[in-house]
Amino acid sequence: MPSLRDAARGRILFGGDYNPEQWPEEVWEDDVRLMKEAGVNSVTLGVFSWARIEPRPGAREFGWLDRLMDLLHANGIGVVLATPTASPPPWMGARHPETLPRTEDGSVVWYGSRQQFCPSSPVYRRYAAALTEDLAARYADHPALTVWHINNEYCTHCWCDETAAHFRRWLRTRYGTVEELNAAWGTAFWSQRYDSWTEILPPRTAQYMKNPTQVLDFKRFTSDALMECYVAERDIVARHTPRVPVTTNFMPLWSGQDAWAWAAQEDIVSVDIYPDSRDPRGGQYNAMIADMTRSQAGGPWMLMEQATGAVNWRDVNRPKPEGLNRLWSLQSVARGADAVCYFQWRQSRQGSEKFHSAMVGHAGEEGRAFAEVKRLGRELAALGPAVAGGEVPADVAVLHDWDAWWAGAQEGRPSSLLDYTEVIRRWHGALWESGVVTEFARPDADLSRFKVVVVPHLYLLGDGAVDNLVAYAEGGGTVVCGFFSGIADVDDRIRPGGMDARLRDLFGIRTLHDWWPLDADASVECDGFRGTLWSEELTAAADAEVVSSYRSGELAGLPAVLRRGRARYVSTLPEPDALRALLAEVVREAGARPVLAGLPAGVEAVRRGELLFLLHHGRGSVTVEVPGAHEDLLTGTSVEDRVELGRFGVAVLRSAAP
Ligand code: GLA
């Protein structure tokens with residue numbers, strides 16, 4: 001199978017989305033001059049070029065793309081070539097309005113922006129396949145081609161009639177009979193029973209709360225329907241170029257695609273990461289997405305897009321202060337990225353993204369953005385041979401699952417304040433701050449190589465996943481599980497007793513009486529810490545150890561944290577310091593270690609292959625103790641026993657030979 005290694009060839013890919021169709025051809029020469037100056041070795045071409053290549057149905061205008069592919073190749077720049085199927089031209093919507101998606105209430109999503117296609121539309125799929133076929137045939141043997149990039153950030157949802165028919169086909173495969181579907185969806189409730197397949201619809205706008213299992217299945221279906229579009233195009237390009245790896249870029253922690261399932265269909269896993277430059281925890285967010293993407297890839301991954309400075313889609317869009325782009329880029333490399341790419345190469349002068357930063361901003365080659373890009377390009381070139389392909393060891397797994405997210409994030413639950421992504425972020429953040437490198441894993445994955453498995457919050461756990469977790473614990477693994485987990489089965493049916501009996505047994509819970517979610521900003525006192533967001537009324541089994549009890553409110557005296565053997569259950573969300581302390585203790589006890597002990601605040605250490613990355617997230621200066629003699633690959637200097645890191649400073653150390 002082709003992989004990122006084939007494209008990177010011992011380098012770190014460096015570059016970005018290149019949209020030359022927005023510029024006169026004279027600018028292209030200048031682009032290439034600046035790319036070479038910056039050490040750019042890879043650009044992503046064609047993402048939004050559909051209307052330029054196929055200006056009217058069936059037309060093909062490849063001449064401009066031929067010239068670009070040749071120009072880039074002549075200058076030693078590889079091309080990640082996109083199938084431009086994310087943004088159909090207006091002619092498609094005008095001639096084939098059935099390709100336009102419809103919202104839950106039946107409104108049409110019109111052209112005039114991007115991504116306006118119904119994934120179930122046979123007409124859209126036919127045009128997309130025909131264009132992909134011709135694109136692949138034309139560039140199959142072009143020496144510039146290094147990676148196929150299918151579509152872009154698959155994210156459309158549609159509730160139209162074509163989608164309804166497709167959803168029914170999907171449901172037939174899943175359930176076989178309408179009676180099975182009725183049983184799974186619990187349609188005895190509120191007179192929702194279906195008498196035939198033709199009555200079944202996507203969950204459209206309704207009078208009151210929708211059937212939760214119908215909603216869950218629709219999310220599963222939508223992820224699968226989009227994946228069919230991806231697979232269809234992937235198969236076309238792979239037929240033409242079996243040795244060129246294929247990817248599609250994920251959005252991080254995006255609920256619309258089950259990235260575990262999608263990653264299995266890709267040669268390269270790639271992602272677009274846009275931490276908020278105003279977020280003091282932006283570094284943790286970047287680390288979390290890097291860990292998640294590396295886990296999906298099972299190794300090196302591709303940072304397909306990030307911003308050199310400001311984005312243009314938050315309420316307030318601020319640039320990255322000097323050095324932050326470099327820090328977060330090298331952090332991604334530390335955590336397994338073998339490609340550091342941006343949206344986009346040259347900042348647009350027109351269109352919706354003219355205020356979005358780029359590698360070459362409006363200030364041009366004199367601008368700070370480009371100066372920082374050049375520095376990073378040099379550094380990545382120096383690091384490439386030592387770092388590319390290197391592995392990032394991790395002993396601790398964080399479980400994460402789309403089914404659980406989809407089922408849990410619905411209406412009619414105990415608390416709408418419970419935000420799945422924020423809970424994941426808090427648990428990952430607690431480990432990150434303790435200097436423990438984590439991987440993410442799906443609940444039914446082989447967990448045997450991890451010393452600790454952390455379950456921040458998995459509302460839904462299928463039987464297989466429960467068996468897997470129990471087997472891992474019985475095999476000597478350490479499990480820490482957060483509140484409101486193991487509550488529902490795969491059909492979102494509450495488990496007898498309110499929580500899976502095997503899990504109650506594992507954690508030493510005798511009876512789970514009720515859930516007591518907390519108000520925003522409220523907290524509950526427990527022995528040794530304060531809990532937030534959630535609490536639970538439960539009693540302990542006779543042989544369980546109560547690690548901490550609630551001390552205030554209705555639950556005073558009842559267990560907050562339980563332990564049975566190596567398994568722990570945490571029935572609230574401890575405040576950040578407490579969660580960090582709790583997890584640090586678990587990790588220590590299980591024999592897992594932070595990468596470096598005694599780091600100054602704000603310094604992150606990550607090992608990748610034979611290298612030690614030290615990343616300083618603060619603005620002052622710090623000294624990090626690193627016993628022994630090392631070479632800093634960024635400066636080419638020798639370092640002994642300690643290294644100084646300035647504002648957003650980074651060192652990449654290799655032990656000097658004894
Ligand atoms: C996404 C898209 C890009 C661009 C950026 C802006 O990542 O893939 O085309 O719109 O967002 O941040």
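This short talk goes through a predicted model of a protein with a ligand, from the overall fold to the ligand shell, one strand and a few backbone details.

Let me start with the whole chain. The protein has 658 residues, and a compact globule with that number of residues would have a radius of gyration near 26 Å, which agrees with the 26 Å of this model. Along the principal axes, the C-alpha trace spans about 75 × 75 × 45 Å. In terms of secondary structure we have 18 helices and 26 strands, and of the 658 residues 59% are buried.

Now to the ligand. Which residues surround the ligand? Going along the sequence, they are Phe-48, Arg-114, Asn-152, Glu-153, Asp-272, Tyr-274, Glu-305, Trp-313, Phe-343, Glu-353 and His-356. Sorted by class, this shell holds 5 charged, 4 nonpolar and 2 polar residues. Three of the side chains deserve a word on distances. For Glu-305, a side-chain N or O atom is 2.3 Å from an oxygen atom of the ligand, while for Glu-353 a polar side-chain atom lies 2.4 Å from a ligand oxygen, and for Trp-313 the distance from a polar side-chain atom to an oxygen atom of the ligand is 2.8 Å. As for cover, the ligand on its own has 300 Å² of accessible area, and the protein covers 97% of that.

One member of the shell, Phe-343, brings me to the backbone, since a cis peptide bond joins Phe-343 to Gln-344, with omega at about -10°. Gln-344 belongs to the loop that runs between strand E9 (337-342) and helix H13 (368-387). As background, most peptide bonds are trans, and most residues other than glycine have a negative phi.

On that second point, two aspartates should be mentioned. Asp-492, although not a glycine, has a positive phi of about 65°, and Asp-521, also not a glycine, has a positive phi of about 70°. Are these two residues buried or exposed? With a relative accessible area of 12%, Asp-492 is buried, whereas Asp-521 counts as exposed at 85% relative accessibility. As to where they sit, Asp-492 is in the loop between strand E13 (478-482) and helix H17 (501-507), and Asp-521 is in the loop between strands E14 (509-515) and E15 (523-526).

Let me finish with strand E23, residues 611-616. Here 6 of the 6 residues are buried, so the strand is largely enclosed by the rest of the structure. In a regular strand, side chains alternate between the two faces of the sheet. In E23, Leu-611, Phe-613 and Leu-615 point one way and Leu-612, Leu-614 and His-616 point the other way, and all of them are buried.

What are the pairing partners of E23? Strand E22, residues 603-608, pairs with E23 in the antiparallel sense over 6 bridges, and within that pairing Val-603 has His-616 as its bridge partner. These two strands form a hairpin with 2 residues between them, and Gly-609 in the turn has a positive phi of about 55°. Strand E26, residues 650-655, also pairs with E23 in the antiparallel sense, over 5 bridges, and there Leu-614 stands opposite Ala-651.

Methods
Residues are numbered from 1 along each chain as its sequence is written. This is a predicted model: local features need pLDDT of at least 70, side-chain atom pairs count only at pLDDT 80 or more; totals for chains, interfaces and linings use all residues. Side-chain values use heavy atoms; hydrogens and water are left out. A residue is near a molecule or strand if one of its heavy atoms lies within 4 Å of it. A polar contact is a pair of N or O atoms within 3.5 Å; within protein, one must be able to donate a hydrogen and the other to accept it, and residues adjacent in sequence count only if both atoms are side-chain atoms. Accessible areas come from the Shrake-Rupley method with a 1.4 Å probe; for residues, only the protein chains shown count as cover. Ala, Val, Leu, Ile, Met, Phe, Trp, Tyr, Cys and Pro count as nonpolar, Asp, Glu, Lys and Arg as charged, and the others, Gly among them, as polar. Buried means under 20% relative accessible area, exposed over 50%, partly exposed in between (1.4 Å probe, protein chains only). Helices (H or I, at least four residues) and strands (E, at least two) are DSSP runs, numbered from the N terminus. Two strands pair if DSSP finds at least two bridges between them. The radius of gyration is taken over C-alpha atoms; the globule rule is 2.2 Å times the number of residues to the power 0.38.
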